[in-house]
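Here are my comments on the model you sent. They are confined to a few local features that can be checked against the coordinates.

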Amino acid sequence: MPVSELQTYFLKRLTECGLDEKSNLRTVSFEGRPQDIPIIDVDEKNDAIVIPYVQPDGEIEYYLDGKKERAFERLRYRVPRVFTDKEGKARAQKYSQPSGTEILSYLPPAIVKRYKAGKKIKTLYIVEGELKALTASVKLGIDIVGIGGINNYRNKENNKLEPFLISIIDRLKPDNIVLFFDADCLAIKYEQKKELTTRLKAFYGAVCTFSELVKPFECDVYFAHVAEKFIESAKGLDDLLNLPSIDSEDLKNELIGLAVGKPKYISVQPLRGGYADRLASYFHLKDVSDFYEHYKQEIQDNEFQYNGKSYYFDGSKIASSLYLEARQYLRIGCDYYKKIWKLNAHKNIEHQIPMQVLEKWNIGEINRDFGKGNFSALIPKYDAFVNYPDNTDNYKRIIELEHNQIKSVYYNRYNKIVIQPAPGKWQTIEHLLKHIFSSNNTAGENLYQFGLDYLQLSFTTPKQRLPVLCCVSSERNTGKTKFLEFLKLIFGENMAILDNERFTGKFTSHFSDKLFVGLDEGFIPIEQKIMKERIKNFATGATLWCEGKGKESFELDNFAHLIMCSNDETNFMQIDDGENRFAVLKIPV
């Protein structure tokens with residue numbers, strides 16, 4: 001019989017835990033008799049892994065379902081279930097347990113064995129996640145239990161540790177107790193007008209409350225997490241243990257030694273006298289400048305909410321955002337600019353994507369609008385423009401350079417890409433691309449693969465030089481403009497679609513900083529040598545002059561990808577023999 005997706009997922013998780021189908025058994029007491037049950041199992045009906053719970057002495061844990069006793073189990077769904085919360089936001093649910101049941105700790109077989117033996121232990125680890133606890137127990141042999149969430153060590157009714165934890169601590173009397181979280185416990189996700197400290201405060205509060213609840217017991221308390229550098233590759237302790245590059249013995253020594261020295265894999269914070277203040281600093285909750293410095297990659301030049309107040313980085317320091325209007329302006333060097341949306345008057349407003357541009361603005365007009373007060377002091381200030389395309393998570397709006405003790409701060413004119421690639425069906429896009437790149441080159445090779453390379457390189461390595469695309473067809477309605485609009489959907493404000501007049505004119509400020517410049521229905525007369533040179537410079541020139549009407553011109557790094565579309569197949573532009581900066585595509589009907 002074919003193996004189900006759930007069975008494949010189950011076997012994968014089993015292997016990651018250090019178990020196989022034979023070793024996936026634990027002996028429990030059932031109605032006074034010993035019985036072997038799976039440590040983890042499958043639930044085909046719910047498409048989930050079943051995690052049975054036992055008491056510290058190995059008895060199966062039960063709960064009352066009406067008048068019926070049922071074994072207490074938690075489910076780990078293969079595919080997280082999506083539900084809508086009270087605020088109307090979609091949430092993903094990975095785990096569930098029977099409705100109305102209490103919070104309990106998950107006890108791997110090894111800790112139950114320790115409990116039965118009743119021998120004192122050195123350190124007890126408490127990790128968020130049953131499978132993480134199981135993996136660390138099996139692969140490292142450390143004394144560890146799992147909890148179902150960052151606050152699930154606590155019985156909410158009496159505000160004490162949950163009963164299984166109390167039993168374990170009372171009997172095994174650990175010298176140290178460590179609350180262990182994932183690598184992303186210090187991570188934030190920027191959202192406009194969203195309080196960015198909420199998640200950090202939740203983790204901070206969980207650690208502080210835990211420390212207070214453990215006070216009655218005679219032991220030292222620690223907070224630990226997977227090192228932040230593993231946030232992408234190994235967020236949890238189980239992920240870390242399954243990384244091929246990890247030395248599990250070194251990791252075990254770090255855990256046992258509570259990360260003394262220079263740990264590679266984990267970070268540990270002792271929760272001793274006055275810990276709350278130190279911990280608040282560790283979570284970047286005490287100082288807004290420290291907070292921004294740590295999270296500036298996520299925040300960039302955006303206004304952000306910190307402890308109920310609005311702030312922004314003005315190019316040199318963190319400033320209080322008293323006026324949202326100040327964020328619409330920039331000072332680059334000694335010149336002021338305003339961010340505005342530009343619409344194409346020839347298109348229906350409801351069906352076009354506006355393009356953000358920076359228009360030169362007079363400080364006198366700003367003062368006239370807002371008064372000669374503190375407003376101009378709130379406007380972000382940068383030393384110069386820079387054009388630095390990057391479509392990855394490493395994108396930066398603000399780029400800093402320090403050399404010979406001189407620091408310069410640049411404003412990146414390239415805009416962050418909103419759309420991120422994801423696997424899925426793409427028949428319509430594939431059909432469009434096969435249509436656009438259906439012609440052959442002079443060697444008879446079909447250009448479809450060339451087209452895929454062109455698009456992928458444009459996205460992944462946007463600074464790479466690529467040929468000028470010339471999409472030609474004597475027929476109308478062949479998809480040339482649609483291809484430009486498709487690229488506009490991907491690259492957004494980093495693409496300008498121009499007509500001949502806008503491209504051949506003297507001013508270039510409306511397109512000189514774009515990654516893509518699409519020339520729709522372009523026709524370059526043969527005698528206009530200057531225009532041909534401008535086009536060639538797009539393909540190979542290191543810089544372009546950004547020049548606007550009534551504005552001082554300045555140079556920008558040139559990474560422009562030019563696409564020319566024309567209904568004139570034979571003489572839209574003269575291309576000399578041996579010229580390799582152009583790729584001419586004949587677009588069929």
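The points below take up one arginine, two helix pairs and one further helix.

1. The model is predicted, and the points that follow should be read with that in mind. Residue numbers start from 1 along each chain as its sequence is written.

2. Arg413 sits in the loop between β25 (406-412) and α12 (427-436). Is this arginine, Arg413, buried or exposed? Its relative accessibility is 9%, and because the cut-off for buried is under 20%, Arg413 counts as buried.

3. What does the side chain of Arg413 meet in a polar contact? The partner is the side chain of Asp513, at 2.9 Å. Asp513 also appears in the list of residues in contact with Arg413 once neighbours within four places in sequence are set aside. That list further holds Leu358, Phe385, Val386, Asn387, Arg397, Ser509, Cys546, Phe554 and Leu556.

4. Helix α12, at the other end of the loop that holds Arg413, packs against another helix. The axes of α12 and α13 (residues 448-460) come within 8 Å and cross at roughly 115°. The crossing is right-handed. On the α12 side the contact is made by Glu430, Leu433 and Lys434, and on the α13 side by Tyr448, Leu452 and Leu455. By class, the residues of this contact are 4 nonpolar and 2 charged, with no polar ones.

5. A second helix pair is α2 (residues 109-117) with α4 (residues 163-172). Their axes come within 9 Å and cross at roughly 50°, which means that α2 is oblique to α4. The crossing of α2 past α4 is left-handed. From α2, the residues making the contact are Ile111, Arg114, Tyr115, Lys116 and Ala117; from α4 they are Ser167, Ile168, Arg171 and Leu172. These divide into 5 nonpolar, 1 polar and 3 charged.

6. Why can helix α3 (residues 130-140) be called largely enclosed by the rest of the structure? Of its 11 residues, 9 are buried, so the description holds. The buried positions in α3 are Glu130, Leu131, Lys132, Ala133, Leu134, Thr135, Ala136, Ser137 and Leu140. Glu130 and Lys132 are thus listed among the buried residues of α3, and both Glu and Lys count as charged.

7. The residue that follows α3 is Gly141. Its phi is positive, near 70°.

Notes. This is a predicted model: local features need pLDDT of at least 70, side-chain atom pairs count only at pLDDT 80 or more; totals for chains, interfaces and linings use all residues. Side-chain values use heavy atoms; hydrogens and water are left out. Helices (H or I, at least four residues) and strands (E, at least two) are DSSP runs, numbered from the N terminus. Buried means under 20% relative accessible area, exposed over 50%, partly exposed in between (1.4 Å probe, protein chains only). A polar contact is a pair of N or O atoms within 3.5 Å; within protein, one must be able to donate a hydrogen and the other to accept it, and residues adjacent in sequence count only if both atoms are side-chain atoms. Contact means heavy atoms within 4.5 Å. Axes are lines fitted to C-alpha atoms, for helices over the stretch in contact, and angles run from 0 to 180 degrees between N-to-C directions. Angles under 35 degrees count as roughly parallel, over 145 as roughly antiparallel, 65 to 115 as roughly perpendicular and the rest as oblique. A crossing is left-handed if the near helix is turned anticlockwise from the far one by less than a right angle, and right-handed if clockwise.
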